[in-house]
Amino acid sequence: MQAFKLAENIYWVGAIDWNLRNFHGYETEKGSTYNAYLILDEKVTLIDTVKEGFGEEMLARIRSVIDPAKIDIIISNHAEPDHSGCLPLIKRFAPNAQIYTAAGAGVKDLTAYYGDLGYTGVRAGETLSLGKRTLTFVPTPMVHWPDNMVSFLTPDNILFSNDAFGQHYASDERLDTECDLPEAFIQARKYYANIVQPYGMQTGKALAAVAGLPIAAIYPSHGICWTKHIPDILALYKSWVANEYDDTAVIVYDTMWHSTEAMAHAIENAFLACGLKPRLYNLHYCHNSDIIADAMTAKYIAVGSPTLNNNMMPSVASFLCYFKGLTGNKKKSVAFGSYGWGGQSPEQVEKALAECKCEQLLPAIRIAYKPSEEQLDRITADVTAAVKANG
Ligand code: FEO
């Protein structure tokens with residue numbers, strides 16, 4: 001295991017988690033990386049650590065450059081265990097290293113996880129001299145935990161951005177100039193939608209806080225580092241923070257005997273008739289975290305479920321629960337579903353969508369047993385009219 005040289009005396013010493021497939025409910029089909037960075041200066045400095053279980057990989061990469069015992073300073077930009085999990089380990093190898101973290105929440109969170117390892121709290125604008133270089137700390141609370149902060153290194157002008165601008169994307173390439181760039185953008189979008197989206201307002205403040213910095217590189221705590229494509233990733237974040245809509249409409253459903261599925265296609269025809277780009281997701285096959293990534297910028301969402309044992313199907317309830325926690329903008333919505341006798345699910349979906357701050361385009365659409373061609377045409381006509389009426 002070797003360190004990756006990013007710049008003169010600055011190294012990536014993190015870990016690659018090729019096999020990560022689930023990050024507390026977020027399907028990570030491309031794995032992830034836990035990025036830690038080593039700065040060689042008069043004070044040898046480590047920025048963040050890695051998830052527990054990956055400590056030996058980090059230590060091996062550090063040892064390829066320097067004896068870990070020579071580390072003087074550890075910066076913990078974020079207490080979540082994927083970045084702080086190896087603080088106790090690295091403290092054993094570098095007992096004299098001083099840990100700097102956000103005053104208040106950072107100290108509190110790290111103490112809760114690891115006990116007192118000796119933390120120094122830093123506040124907004126505080127600086128720390130490493131010798132020829134200086135770190136300036138910028139709190140970014142709730143992007144996406146209370147303790148988050150970023151660190152800016154001068155004169156190199158490198159932003160250690162922690163979770164912001166990250167991607168769950170395992171690769172041996174460390175830079176945006178050498179990786180599969182379209183994949184990096186896809187994973188950055190999915191990461192924002194599934195991790196950062198509920199904190200768009202706070203992310204906007206964080207973007208404003210770093211806007212005046214002459215950023216030459218962004219080194220996040222997951223995925224590849226941004227060097228050439230900084231304007232692109234910043235522009236994407238600005239559009240996501242602004243909750244901008246595109247011309248897509250998402251239709252999410254489960255189905256037992258294809259009746260609710262037929263209704264989904266009738267709604268698809270309505271969105272097409274309105275000039276929108278429908279995207280259909282059968283929850284039997286599609287993962288919540290992928291749907292959320294596409295739903296983030298959709299103005300319209302339709303959710304359908306058959307009635308199963310007097311309830312919506314569990315897959316639909318799971319999606320709506322996930323959606324409620326993450327959605328960042330108000331969408332126009334359609335609830336629909338088929339049933340045999342009880343028929344509770346369309347109204348249950350409608351109520352759940354209202355709790356997601358969606359505005360109903362029309363009353364919940366319900367069909368007994370199997371929709372006829374006439375009923376499907378009626379659904380298309382009604383949804384088309386409702387979309388056109390609401391703009
Ligand atoms: Fe990647 Fe919030 O930890």
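1. Met142 lies in the loop between S13 and S14, where helices (H or I, at least four residues) and strands (E, at least two) are DSSP runs numbered from the N terminus. Although Met142 is not a glycine, its phi is positive, at about 65°. This is a predicted model, in which local features need pLDDT of at least 70 and side-chain atom pairs count only at pLDDT 80 or more, while totals for chains, interfaces and linings use all residues. Residues are numbered from 1 along each chain as its sequence is written, and side-chain values use heavy atoms, with hydrogens and water left out.

2. Two cis peptide bonds deserve attention on inspection of the model. One joins Val143 and His144, with omega at about 15°; His144 is found in the loop between S13 and strand S14 (149-154). The other runs from Thr154 to Pro155, with omega near 5°, and Pro155 is placed in the loop between S14 and S15.

3. The strands that flank these loops belong to an open sheet of 5 strands in the order S12-S13-S14-S15-S16, with mixed pairing; two strands are taken to pair if DSSP finds at least two bridges between them. S12 and strand S16 (217-220) are the edge strands, each pairing on one side only. On average, neighbouring strands of this sheet are turned by 20° against each other, direction ignored. Here axes are lines fitted to C-alpha atoms, for helices over the stretch in contact, and angles run from 0 to 180 degrees between N-to-C directions.

4. Within that sheet, strand S15 (residues 158-162) and S16 run parallel and are joined by 4 bridges. Phe160 stands opposite Tyr219 in S16.

5. A further open sheet has 7 strands in the order S1-S2-S7-S8-S9-S10-S11, and its pairing is mixed. Its edge strands are strand S1 (4-7) and strand S11 (119-122), each of which pairs on one side only. The average turn between neighbouring strands of this sheet is 25°, direction ignored.

6. At the S1 end, S1 and strand S2 (residues 10-12) pair in the antiparallel sense over 3 bridges. Lys5 has Tyr11 as its bridge partner in S2, and Phe4 has Trp12. The two strands form a hairpin with 2 residues between them, and Asn9 in the turn has a positive phi of about 65°.

7. Helix H4 (residues 105-114) lies across strand S9 (71-76), strand S10 (98-102) and S11, contact meaning heavy atoms within 4.5 Å. The helix runs at about 125° to S10.

8. By the rule applied here, the count comes to 13 salt bridges, a salt bridge being a side-chain nitrogen of Lys or Arg within 4 Å of a carboxyl oxygen of Asp or Glu. One of them brings together the side chains of Asp41 and Arg133, at 3.3 Å from N to O. This pair links distant parts of the chain, 92 residues apart: Asp41 is in the loop between strand S7 (37-39) and strand S8 (44-47), and Arg133 is in the loop between strand S12 (127-129) and strand S13 (134-139).

9. The domain assignment of the protein chain gives domain 1 (4-241) and domain 2 (249-389), the bounds coming from an automatic or database domain assignment. Their C-alpha centres lie 39 Å apart. The contact takes 12 residues from domain 1 and 13 residues from domain 2.

10. About 1100 Å² is buried between domain 1 and domain 2, and carbon and sulfur atoms give 51% of that area. Buried area is the accessible area (1.4 Å probe) that two parts lose on being put together, summed over both. Of the area that domain 1 buries against domain 2, Arg189, Asn194 and Gln197 supply 46%, more than any other three residues.

11. Between domain 1 and domain 2 the count is 1 salt bridge. Asp290 forms a salt bridge with Lys190, and the closest N and O atoms are 2.7 Å apart. Across the interface, 7 residue pairs are in polar contact, both residues at pLDDT 80 or more. A polar contact is a pair of N or O atoms within 3.5 Å; within protein, one must be able to donate a hydrogen and the other to accept it, and residues adjacent in sequence count only if both atoms are side-chain atoms.

12. On the side of domain 1 that touches domain 2, strand S5 (26-27) and helix H5 (181-196) each supply at least two residues. The largest share of that side, 5 residues, comes from H5.
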